[in-house]
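Work through the exercises below with the sequence and the 3D view open. Try each task before reading its solution.

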Amino acid sequence: MKILTYFLFIGFTMIGFGLLIKPQFTNEIIWGIFMPWITSSLEVFILYQVFNKEVLQTTKVLIYGFIIKMILFGGFLLIIINFYSFNTVAFVFSFLASFLVFHTLEAIFLKLLFGGKKI
């Protein structure tokens, strides 16, 4: 599945650019990119598997994926903000940037998937 290769490449590229720009905030950048990267990659993988078996179930996967992501993101942010001392600007910027990038890539994947293009 080529799309997961793109997720992997973009994730490492974002980490690389973040560390080039602000190498003193390594932990904040990696933790900010980690959760959106993992959840989006996992949801795309599950969507692809479900789409190949039963197309009508993809809506259910998207709804449950949204609910689970919001719970995971909320818990992750609550834990990381309360129990970890770090630079919040670097963390929030990397989290927001990766959230937007990976969810945009996920939308492109869905468009290609339902458009019948080879992924």
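The model used here is predicted.

**Exercise 1. Contacts of a loop residue**

Task: Find which residues Phe25 touches, not counting residues up to four places away in sequence, and decide whether Phe25 counts as buried or exposed.

Solution.
- Step 1. Locate the residue: Phe25 sits in the loop between α1 (2–21) and α2.
- Step 2. List its contacts. With residues up to four places away in sequence not counted, Phe25 touches Asn87 and Ala90.
- Step 3. Check one of these partners along the chain. Phe25 and Ala90 are 65 residues apart in sequence, while their C-alpha atoms are separated by 6.8 Å.
- Step 4. Judge accessibility. Buried means under 20% relative accessible area. Phe25 has 18% relative accessibility, so Phe25 counts as buried.

**Exercise 2. The whole chain**

Task: State how many helices and strands the protein chain has, and give the span of its C-alpha trace along the principal axes.

Solution.
- Step 1. Count the elements: there are four helices and zero strands.
- Step 2. Read them from the N terminus on; the order is α-α-α-α.
- Step 3. Take the span of the C-alpha trace, which is about 45 × 30 × 15 Å along the principal axes.
- Step 4. Consider burial: 35% of the 119 residues count as buried.
- Step 5. Consider contacts between residues at least 6 apart in sequence. Of these, 72% join residues at least 24 apart.

**Exercise 3. Two helix pairs**

Task: Determine how α2 and α3 are oriented to each other, then do the same for α3 and α4.

Solution.
- Step 1. Begin with helix α2 (residues 26–53) and α3. Their axes cross at roughly 165° and come within 11 Å.
- Step 2. Apply the cut-off: angles over 145 degrees count as roughly antiparallel. α2 and α3 are therefore roughly antiparallel to each other.
- Step 3. Add the handedness: α2 passes α3 in a right-handed crossing.
- Step 4. Look at who meets whom. The residues in α2 include Trp31, Met35, Ile46 and Phe51, and those in α3 include Val61, Phe66, Leu72 and Ile80. By type, the residues of this contact of α2 with α3 are 14 nonpolar, four polar and two charged.
- Step 5. Turn to helix α3 (residues 58–83) and helix α4 (residues 88–114). They pack at an angle of about 175°, and their axes are 14 Å apart. That makes α3 roughly antiparallel to α4.
- Step 6. Among the residues making this contact are Phe73, Phe76 and Leu77 of α3 and Phe91, Phe95 and Phe99 of α4. The contact of α3 with α4 divides into 10 nonpolar, two polar and two charged residues.

**Exercise 4. Two serines**

Task: For Ser40 and then Ser98, find the helix, and find which partner the side chain reaches.

Solution.
- Step 1. Ser40 lies in helix α2. Its relative accessibility is 0%, so Ser40 counts as buried.
- Step 2. The side chains of Ser40 and Glu106 are joined by a polar contact of 3.4 Å.
- Step 3. Leaving aside neighbours within four places in sequence, Ser40 is in contact with Phe7, Lys69, Phe102, His103 and Glu106.
- Step 4. Ser98 belongs to helix α4. With 0% relative accessibility, Ser98 also counts as buried.
- Step 5. The side chain of Ser98 reaches the backbone oxygen of Gly32 at 3.2 Å.
- Step 6. Neighbours within four places in sequence aside, the contacts of Ser98 are Met14, Gly32, Ile33 and Pro36.

Methods:
Residues are numbered from 1 along each chain as its sequence is written. This is a predicted model: local features need pLDDT of at least 70, side-chain atom pairs count only at pLDDT 80 or more; totals for chains, interfaces and linings use all residues. Side-chain values use heavy atoms; hydrogens and water are left out. Axes are lines fitted to C-alpha atoms, for helices over the stretch in contact, and angles run from 0 to 180 degrees between N-to-C directions. Angles under 35 degrees count as roughly parallel, over 145 as roughly antiparallel, 65 to 115 as roughly perpendicular and the rest as oblique. Contact means heavy atoms within 4.5 Å. Ala, Val, Leu, Ile, Met, Phe, Trp, Tyr, Cys and Pro count as nonpolar, Asp, Glu, Lys and Arg as charged, and the others, Gly among them, as polar. A crossing is left-handed if the near helix is turned anticlockwise from the far one by less than a right angle, and right-handed if clockwise. Buried means under 20% relative accessible area, exposed over 50%, partly exposed in between (1.4 Å probe, protein chains only). A polar contact is a pair of N or O atoms within 3.5 Å; within protein, one must be able to donate a hydrogen and the other to accept it, and residues adjacent in sequence count only if both atoms are side-chain atoms.
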